[in-house]
Amino acid sequence: MDGTGPARRITERTAAAAAALRERTGVAPCLATVLVGEDPASVTYVRMKRARCAKAGIEPRHLALPAGVSTAELVDRVGELSADPAVHGILLQHPVGPHIDERAAFEAIAPAKDVDGVTMHSFAAMGFGLPGFASCTPGGILRLLDEYQVDLRGKHAVVVGRSAILGKPAGMLLLGRDATVTYCHSRTRDLRAIVREADVLVAAVGRARFLTGEDIKPGAVVIDAGYNEGNVGDVDFESARTRASLITPVPGGVGPMTIAVLLAQTVEAATRQLATA
Ligand code: NAP
């Protein structure tokens, strides 16, 4: 399952919507990225997201804060962006550092600007099936499954991982599509036996090649959301592809879809905010 083609098509539509919005209102959609410290992976992610923004006609704004910034200061700065009418979307790159109350920092993002889908408001809206911004990676996974016309109804979906930004919301979105969902995590007993039952498998563990072909039910659809050192996923692609009917590569699968969803949600946020301005 190639993510680059669908991501490119979504981004083309996003760029057209951004251009139309700018033409109509004289205002370009603006995404503010917030980076705490200089973790090399985070610096790269933020740089990549800003570059994609610029290409799609979204104005990238950037706030770099020192690694030692306090929770109070971070909350204040994110709050300023939330109150700034020229900013339509906010992305706080995480991890933000162990001394910071990450939840407090995320909650300083106004729900209308939560284009990365990290606030409790967005999470609850997703849980209730109400309009709101999905967490970008799970949102990208669902769009990719739709792109490949994977019928989820009644299927057994197994999600390995339960983080608030990835595993948990991915399972909730699959449940919203009538899949029967099982979560696995570090305390799950007999994890591999459960994984072998999956019609649809989402790997969101953060461990290189954690799952292999032997763990895959023949014909399963495999989504590898992992992105580990050396550009490798959570699934051993070569052995898993011999059993799966569809499988995402790493890189080039879920990653590009994540950014495409972020850009699409930013333009959507700007459109809504400018309509009510
Ligand atoms: P995370 O917060 O570290 O969560 C990892 C999850 O995997 C946890 O729920 C953990 O269980 C579970 N886990 C860890 N070791 C396990 C084991 N041995 N057996 C079973 N379960 C285990 O990571 P994350 O932020 O969700 O990210 C997961 C992966 O996705 C990473 O590789 C990350 O780089 C990648 N990612 C990719 C994108 C993208 O755009 N492509 C975006 C976000 C993340 P417990 O809850 O029990 O600890």
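Which helix gives the most to the lining of the largest cavity? That would be helix α5, spanning residues 120-128, with 3 residues. Welcome to a quick tour of this predicted model, covering its ligand site, its enclosed space and a few backbone details. The ligand has 21 residues around it, and the space it takes is the largest pocket.

**The ligand and its shell**

- Among the 21 residues surrounding the ligand, the closest are R162, S163, S186, R207 and Y227.
- By residue class, the shell around the ligand holds 9 nonpolar, 10 polar and 2 charged residues.
- Helix α10, which runs over residues 254-276, supplies the largest share of this shell, namely 3 residues.

**Polar contacts to the ligand**

- Two of the closest residues reach oxygen atoms of the ligand: a polar side-chain atom of S163 lies 2.5 Å from one oxygen atom, and a polar side-chain atom of R162 lies 2.7 Å from an oxygen atom.
- R207 faces a nitrogen atom of the ligand instead, with an N or O atom of the R207 side chain 2.9 Å away.
- On its own the ligand has 920 Å² of accessible area, and the protein covers 69% of that.

**Enclosed space**

- Rolling a probe the size of a water molecule over the atoms shows where empty space is left.
- Searching the whole structure turns up 1 cavity of 30 Å³ or more.
- The volume of the largest cavity is about 30 Å³.
- Its lining is made up of G117, S122, F123, M126, F133, A134, S135 and P169.
- In that lining, 5 residues are nonpolar and 3 are polar, with no charged residue.
- As the opening answer said, helix α5 gives the most to this lining.

**Backbone details to check**

- H94 and P95 are joined by a cis peptide bond, with omega at about 10°; P95 is found in the loop between β3 (89-92) and α4 (102-107).
- Another cis peptide bond joins V250 and P251, where omega is about 0°.
- P251 lies in the loop that links β8 (246-247) to α10, and α10 is also the helix with the largest share of the ligand shell.
- D190 is a residue other than glycine with a positive phi, near 55°.
- The place of D190 is in the loop between β5 (180-184) and α8 (191-195).

Conventions:
Residues numbered from 1 in each chain as written. Predicted model: local features only at pLDDT ≥ 70, side-chain atom pairs only at ≥ 80, totals over all residues. Heavy atoms only, no water. Near = heavy atom within 4 Å. Polar contact = N/O pair within 3.5 Å; in protein donor to acceptor, adjacent residues only side chain to side chain. Areas by Shrake-Rupley, 256 points an atom, 1.4 Å probe, with all protein chains shown as cover. 1 Å grid on protein atoms, 1.4 Å probe; cavity = no way out; pocket = protein on both sides within 12 Å on 5 of 7 lines; lining within 4 Å. Sits in = over half its atoms within 2 Å of the grid points. Helix = DSSP H or I, 4+ residues; strand = E, 2+ residues; numbered from the N terminus. Nonpolar A, V, L, I, M, F, W, Y, C, P; charged D, E, K, R; others polar. Points joined across faces, edges and corners; volume = space filled by probe spheres on them.
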